[in-house]
Protein chains: 2
Amino acid sequence: MEKIIIIGLGLIGGSYAKGFTKNGIKVYAYNRNISAINYAKENNIIVDGTDNLSKDFVSKFDRIVFAIYPKIFIEFIDKYGAYIKDGAIITDVTGIKGSIVNTVQEKLGSRVEFIAAHPMAGKEVTGVENADEKIFENANYIITPTEKNTDRGIAFAEEVGKILKFRKISYLTVKEHDEMIAFLSQLTHCIAVSLMTCKNSKELVNYTGDSFRDLTRIANINENMWTELFMMNKEALLKEIDSFINCISHLRNYISDGDEEKIKNMMRLSTERRKYFDKK
Amino acid sequence: MEKIIIIGLGLIGGSYAKGFTKNGIKVYAYNRNISAINYAKENNIIVDGTDNLSKDFVSKFDRIVFAIYPKIFIEFIDKYGAYIKDGAIITDVTGIKGSIVNTVQEKLGSRVEFIAAHPMAGKEVTGVENADEKIFENANYIITPTEKNTDRGIAFAEEVGKILKFRKISYLTVKEHDEMIAFLSQLTHCIAVSLMTCKNSKELVNYTGDSFRDLTRIANINENMWTELFMMNKEALLKEIDSFINCISHLRNYISDGDEEKIKNMMRLSTERRKYFDKK
């Protein structure tokens with residue numbers, strides 16, 4: 001891979017750009033706001049970029065990364081899909097796949113291959129100014145191929161994961177991905193937001209330990225992106241929320257009943273399972 | 001303060017010992033298991049210690065810190081309270097106060113003053129081997145005086161907080177403390193344990209981002225200590241769990257209804273409130 005274009009130069013697009021550039025790949029970008037492009041050019045994060053897409057520009061690229069919100073991604077394909085070169089391979093970074101992958105693959109037909117991937121990394125800040133390719137180093141990267149993908153397409157997604165030095169590259173089906181993400185990522189954000197809003201907690205900062213801070217780090221949330229992600233994975237997310245509410249209700253009842261042995265059993269299981277998640 | 005004795009040389013007792021020793025105070029300790037005493041002596045964390053309390057030993061001290069579980073603390077006062085010198089001041093580190101403070105103050109009468117305090121710090125490991133006085137530096141310290149406490153007693157608790165370099169020393173009533181702790185600390189542990197146990201998540205480590213790790217850090221939990229703390233603050237904790245379940249149920253219903261504006265409002269409030277907790 002000699003050159004690539006990134007569509008959307010925000011935190012994740014910018015971090016991809018930095019990682020690619022460090023590996024000697026010529027990175028170009030499109031962003032609807034030119035200031036991100038200018039910043040990235042001045043800081044040698046990209047070679048060049050534009051806020052005004054032309055067929056001439058887009059058709060120069062065999063490889064494209066879409067680092068934009070899911071709905072805009074689909075709109076983009078509708079509007080500019082025809083600009084993409086025959087035989088090009090494109091990938092994405094979106095946090096849900098079910099509402100995206102089949103739709104985009106169908107729109108593109110056999111002319112352009114879309115291989116979906118999800119970098120499980122982020123920060124509580126936005127924008128290319130905060131981009132940092134190191135966020136990928138301890139992070140997981142999930143590729144979700146369908147029967148429409150070719151070995152060549154899958155190899156491209158894997159190459160992206162390797163260049164960006166993800167800790168682990170895995171494969172899931174679209175459905176498995178969305179169920180997993182409903183639990184690991186969307187439910188956790190629902191919990192953090194609920195905890196942060198269920199009490200007016202302004203004065204509590206003087207009494208808090210680290211546990212409340214840990215559980216609410218992600219309560220600083222991009223409401224547009226996450227609402228979109230929740231809506232696009234509604235069914236799987238509701239299932240996980242209900243399962244969690246059921247679980248904490250059990251614990252609540254053990255406490256209410258004073259059933260210390262059941263509380264301790266739950267805590268022992270919790271400690272045992274948490275060990276899997278210790279960083280190696 | 002020239003010398004002090006710490007009863008219970010675990011993670012918190014050991015960290016107090018290290019902090020006091022660094023400030024030139026002669027630290028002595030009692031621990032039921034002699035190995036912790038030996039370790040602390042060998043590593044110059046304490047001057048001397050014992051696993052066998054005598055009146056002769058205890059009565060040498062004007063200042064005592066109890067760094068043991070709440071129930072054992074009360075048992076200790078029953079058994080050894082008479083050993084404590086007339087006019088001595090004692091403090092503690094226990095995470096709940098309602099079930100402790102009045103009981104201990106009544107047992108001690110006017111001969112010995114008990115001023116309760118709560119260092120809001122900890123680690124997911126136990127034992128004096130893991131003790132580290134730096135855990136207090138960014139942490140809060142809450143003193144919970146009652147009408148039985150004197151200025152002299154309160155000044156001692158404050159001195160402890162200052163010597164250990166807590167970020168902030170605050171005062172709460174016993175009731176305020178226990179309500180606050182039910183929300184900030186006990187509820188968060190209930191959430192973490194429930195999240196960690198509601199799915200068999202062994203294989204999920206390959207797909208996780210940091211949010212799940214953050215929310216479950218404290219799911220690695222000391223089941224004996226926390227079950228005791230939950231039981232001793234049952235009423236306040238149940239109130240907070242119910243309030244949280246109510247809150248996440250609202251979010252669940254907004255998602256189910258597709259009410260994006262209500263979801264976004266909740267997220268905006270969440271982001272706004274989380275800012276109070278940014279570390280300065």
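**Figure 1. Where chain A meets chain B.** In this view, 75 residues of chain A are in contact with 75 residues of chain B. Keep in mind that this is a predicted model. On the side of chain A that touches chain B, two or more residues come from each of β7 (140-144), β8 (168-171), α7 (174-197), α8 (210-216), α9 (223-232), α10 (234-257) and α11 (260-274) of chain A. With 14 residues, α10(A) gives the largest share of that side. Sorted by class, the side of chain A that touches chain B holds 39 nonpolar, 22 polar and 14 charged residues.

**Figure 2. The pairing of α10(A) with α10(B).** Here we zoom in on α10(A) and helix α10 (residues 234-257) of chain B, whose axes are 10 Å apart and pack at an angle of about 165°. Angles over 145 degrees count as roughly antiparallel, so that is how α10(A) and α10(B) run relative to each other. The crossing in which α10(A) passes α10(B) is left-handed. From α10(A), the contact draws on K234(A), L237(A), L238(A), I241(A), I245(A), I248(A), S249(A), R252(A), I255(A) and S256(A). Across from them, α10(B) brings in K234(B), L237(B), L238(B), I241(B), I245(B), I248(B), S249(B), R252(B), I255(B) and S256(B). By class, this contact of α10(A) with α10(B) is made up of twelve nonpolar, four polar and four charged residues.

**Figure 3. The meeting of α11(A) with α9(B).** This close-up turns to α11(A) and helix α9 (residues 223-232) of chain B, whose axes cross at roughly 135° and come within 9 Å of each other. At that angle α11(A) is oblique to α9(B). The crossing of α11(A) past α9(B) is right-handed. On the α11(A) side you will find E260(A), I263(A), K264(A), M267(A) and R268(A) making the contact. Their counterparts on α9(B) are E223(B), W226(B), T227(B), F230(B) and M231(B). Five nonpolar, one polar and four charged residues take part in the contact of α11(A) with α9(B).

**Figure 4. The rotation axis and L215(A).** A turn of 180°, with a shift of 0.0 Å along the axis, lays chain A on chain B with an RMSD of 0.0 Å. This is the relation of a two-fold axis. If you would like a landmark for the axis, look for L215(A): of the residues of chain A, L215(A) comes closest to the rotation axis, with its C-alpha at 2.3 Å. The copies meet through the same surface, because 100% of the interface residues of chain A are also interface residues in chain B.

**Figure 5. Chain A on its own.** Stepping back to the single chain, the secondary structure of chain A comprises eleven helices and eight strands. The C-alpha trace of chain A spans about 70 × 45 × 35 Å along its principal axes. Of the 280 residues in chain A, 49% are buried. Among contacts in chain A with a separation of 6 or more, 70% join residues 24 or more positions apart.

**Figure 6. A look at N102(B).** Our last stop is N102(B), a residue of helix α5 (residues 101-108) of chain B. N102(B) has 15 C-beta neighbours inside 10 Å and therefore counts as partly exposed. I64(B) is 38 residues away from N102(B) along the chain, and the C-alpha atoms of the two are separated by 18 Å.

Conventions: Residues are numbered from 1 along each chain as its sequence is written. Chains are lettered from A and ligands numbered from 1 in the order in which they are written. This is a predicted model: local features need pLDDT of at least 70, side-chain atom pairs count only at pLDDT 80 or more; totals for chains, interfaces and linings use all residues. Two residues are in contact if their C-beta atoms, placed from the backbone, lie within 7 Å. Helices (H or I, at least four residues) and strands (E, at least two) are DSSP runs, numbered from the N terminus. Ala, Val, Leu, Ile, Met, Phe, Trp, Tyr, Cys and Pro count as nonpolar, Asp, Glu, Lys and Arg as charged, and the others, Gly among them, as polar. Axes are lines fitted to C-alpha atoms, for helices over the stretch in contact, and angles run from 0 to 180 degrees between N-to-C directions. Angles under 35 degrees count as roughly parallel, over 145 as roughly antiparallel, 65 to 115 as roughly perpendicular and the rest as oblique. A crossing is left-handed if the near helix is turned anticlockwise from the far one by less than a right angle, and right-handed if clockwise. A residue is buried if 20 or more other C-beta atoms lie within 10 Å of its own, exposed if 12 or fewer, and partly exposed in between; C-beta atoms are placed from the backbone. Copies are superposed by least squares on the C-alpha atoms of residues with pLDDT of at least 70 in both.
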